[in-house]
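The following exercises invite the reader to examine a structure step by step. Each task is followed by a worked solution.

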There are 2 protein chains.
Amino acid sequence: MSRAVLHGYFRSSAAFRVRIALQLKGLDVEHVSVQLRKGQQQSPEFIDLNPAALIPVYVTEEGVTLTESLAIIEYLDEVAPQPRLLPAAPLERARVRSLAYLIACDVHPIQNLRVLQRLRTQFGADDDAANAWARHYIEKGLAAFEVELARSPKTGRFCHGDTPTLADICLIPQVFNARRFQVDLSPFPTVLRIVDHCATVPAFERARPEAQPDAI
Amino acid sequence: MSRAVLHGYFRSSAAFRVRIALQLKGLDVEHVSVQLRKGQQQSPEFIDLNPAALIPVYVTEEGVTLTESLAIIEYLDEVAPQPRLLPAAPLERARVRSLAYLIACDVHPIQNLRVLQRLRTQFGADDDAANAWARHYIEKGLAAFEVELARSPKTGRFCHGDTPTLADICLIPQVFNARRFQVDLSPFPTVLRIVDHCATVPAFERARPEAQPDAI
């Protein structure tokens with residue numbers, strides 16, 4: 001048994017999610033920085049670890065390699081269940097997961113670094129065009145997220161009730177990205193209220209990109 | 001209590017996933033077709049059902065609306081656990097989920113209809129350029145999926161062992177898309193072997209796009 005390892009990158013939304021989950025659960029792991037801007041995710045060693053050339057990668061204490069941020073977080077929630085990142089009841093779990101996937105499937109993958117890079121290489125997109133693409137998907141996604149939050153009595157101080165869940169874990173990195181792309185967040189008051197509340201929680205603060213040793 | 005309803009579309013990968021899960025579990029629901037090509041997902045009635053304007057949407061027997069295919073399938077697996085679509089052990093569940101998300105997060109959202117349409121409107125992409133974009137992400141995703149399958153002793157007749165899981169449920173619709181985009185699948189022999197095996201399972205066959213009443 002050795003210490004678990006998270007291969008991540010300070011600015012990666014997906015790695016940021018796993019950092020929040022680890023912090024909420026008080027799990028201490030070794031952090032290895034994979035420099036995406038330098039293409040380190042394409043190195044033979046990294047491809048051997050994760051053939052998809054994506055971070056995060058989590059290596060358990062037993063040496064088992066896990067990929068995909070949400071699979072890692074569900075695993076952590078199963079093996080270290082306190083505090084729970086998903087509610088107990090199936091309908092509640094479904095609401096939290098649907099909010100999480102609205103970001104993790106329908107926003108983030110379409111605006112991440114590798115897709116914006118391909119817009120440049122395949123379509124000659126400049127910074128303005130790539131940023132407009134990213135903003136389009138972030139705005140559409142957050143608009144739907146806001147409606148879901150604002151109209152549900154299940155929304156509390158966090159996205160679901162008064163304790164952090166997988167939904168908040170996906171929301172906070174997406175809002176970090178939204179700000180990088182200068183998305184106007186004023187149409188999303190419930191999102192902003194929850195983001196402000198998460199900022200008061202040390203686990204979210206410690207997981208922030210700017211707080212990581214590899215932040216540049 | 002009334003009958004559960006699945007709002008879907010014959011060709012939607014995400015709806016196809018939920019149809020496979022329902023068929024595997026022997027759950028009979030009402031199917032409502034949302035004609036994506038006609039923009040019915042943008043109608044006020046549909047936006048009220050799902051502000052993200054995406055299918056599938058599942059309305060439970062109690063009238064609760066659930067969105068996001070993987071949230072719906074995890075819900076079904078929790079309330080109707082036989083046959084299980086996820087293994088019991090956390091590390092096994094993580095493997096199945098990571099395979100599922102490799103497709104559901106890192107391939108499908110980047111090559112779906114609305115993204116290809118935006119490539120046309122924002123970058124003037126023609127059919128060839130849009131198809132090349134889709135093929136690029138499908139090929140990269142399936143290549144990683146193939147390596148993960150081929151190198152793991154946990155791969156069986158299906159992606160994980162000898163019973164269908166969430167991983168197969170995501171794989172089959174993605175391969176359907178790959179064939180539509182004329183991706184050469186010969187570099188992915190393990191994927192093809194599993195696809196062929198799934199084709200012998202009535203639940204997968206009944207869920208196929210061509211077998212749906214709204215198929216055109």
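## Exercise 1: Charged and polar links between the chains

Across the interface of chain B and chain A, 8 salt bridges are found. The model is a predicted one.

**Task.** State which residue of chain A forms a salt bridge with B:Arg93, and identify the element of chain B that gives the most residues to the side touching chain A.

**Solution.**

1. B:Arg93 pairs with A:Glu78 in a salt bridge, and their closest N and O atoms are 2.7 Å apart.
2. Between chain B and chain A, 17 residue pairs are in polar contact.
3. On the side of chain B that touches chain A, the elements giving two or more residues are α2 (44–49), β4 (65–67), α3 (69–79), α4 (90–104), α5 (113–123) and α6 (127–150) of chain B.
4. Of these, α4(B) gives the most, with 9 residues.
5. By residue class, this side of chain B divides into 29 nonpolar, 6 polar and 11 charged.

## Exercise 2: The extent of the interface

**Task.** Determine how many residues each chain brings to the contact and what area is buried between chain B and chain A.

**Solution.**

1. Chain B brings 46 residues to the contact, and chain A brings 46 residues.
2. The size of an interface is often expressed as the accessible area that is lost when the parts come together.
3. Between chain B and chain A, that area is about 4,200 Å², and carbon and sulfur atoms give 63% of it.
4. B:Leu91, B:Phe123 and B:Trp133 supply 13% of the area that chain B buries against chain A, more than any other three residues.

## Exercise 3: The relation between the two copies

**Task.** Establish what kind of axis relates chain B to chain A, and which residue of chain B comes closest to that axis.

**Solution.**

1. Two copies of a chain are related by a rotation about an axis and a shift along it.
2. Here a turn of 180° with a shift of 0.0 Å along the axis lays chain B on chain A, with an RMSD of 0.0 Å.
3. This is therefore the relation of a two-fold axis.
4. Among the residues of chain B, B:Cys105 comes closest to the rotation axis, its C-alpha lying at 2.3 Å.
5. The same surface serves both copies, since 100% of the contact residues of chain B recur in chain A.

## Exercise 4: Buried positions

**Task.** Decide whether A:His160 and A:Val201 are buried or exposed, and describe their surroundings.

**Solution.**

1. A residue counts as buried under 20% relative accessible area.
2. A:His160 has a relative accessible area of 8% and is therefore buried.
3. A:His160 is located in the loop between α6 (127–150) and α7 (166–180) of chain A.
4. The side chains of A:His160 and A:Arg95 are joined by a polar contact of 2.8 Å. Leaving aside residues up to four places away in sequence, A:His160 touches A:Arg95 and others, including A:Pro87, A:Glu92 and A:Thr165.
5. A:Val201 has 17% relative accessibility, so this residue is buried too.
6. A:Val201 is in the loop between α8 (189–198) and α9 (202–207) of chain A. With residues up to four places away in sequence not counted, A:Val201 touches A:Leu24 and A:Phe158.

**Task.** State how many residues of α3(B) are buried.

**Solution.** In α3(B), 9 of the 11 residues are buried, so this helix is largely enclosed by the rest of the structure. Among the buried residues are B:Ile72, B:Ile73, B:Glu74 and B:Tyr75.

## Exercise 5: Backbone geometry

**Task.** Identify which peptide bonds leading to A:Pro56 and A:Pro83 are cis, and what phi A:Glu68 and B:Ala53 have.

**Solution.**

1. Most residues other than glycine have a negative phi, and most peptide bonds are trans.
2. The peptide bond from A:Ile55 to A:Pro56 is cis, with omega near 5°. A:Pro56 belongs to the loop between α2 (44–49) and β3 (57–59) of chain A.
3. A:Gln82 and A:Pro83 are likewise joined by a cis peptide bond, with omega about -15°. A:Pro83 is placed in the loop between α3 (69–79) and α4 (90–104) of chain A.
4. A:Glu68, although not a glycine, has a positive phi of about 75°. A:Glu68 counts as buried, at 13% relative accessibility.
5. B:Ala53 has a positive phi near 60°. B:Ala53 is found in the loop between α2 and β3 (57–59) of chain B, and counts as buried at 11% relative accessibility.

Definitions and conventions. Residues are numbered from 1 along each chain as its sequence is written. Chains are lettered from A and ligands numbered from 1 in the order in which they are written. This is a predicted model: local features need pLDDT of at least 70, side-chain atom pairs count only at pLDDT 80 or more; totals for chains, interfaces and linings use all residues. Side-chain values use heavy atoms; hydrogens and water are left out. Contact means heavy atoms within 4.5 Å. Buried area is the accessible area (1.4 Å probe) that two parts lose on being put together, summed over both. A salt bridge is a side-chain nitrogen of Lys or Arg within 4 Å of a carboxyl oxygen of Asp or Glu. A polar contact is a pair of N or O atoms within 3.5 Å; within protein, one must be able to donate a hydrogen and the other to accept it, and residues adjacent in sequence count only if both atoms are side-chain atoms. Helices (H or I, at least four residues) and strands (E, at least two) are DSSP runs, numbered from the N terminus. Ala, Val, Leu, Ile, Met, Phe, Trp, Tyr, Cys and Pro count as nonpolar, Asp, Glu, Lys and Arg as charged, and the others, Gly among them, as polar. Copies are superposed by least squares on the C-alpha atoms of residues with pLDDT of at least 70 in both. Buried means under 20% relative accessible area, exposed over 50%, partly exposed in between (1.4 Å probe, protein chains only).
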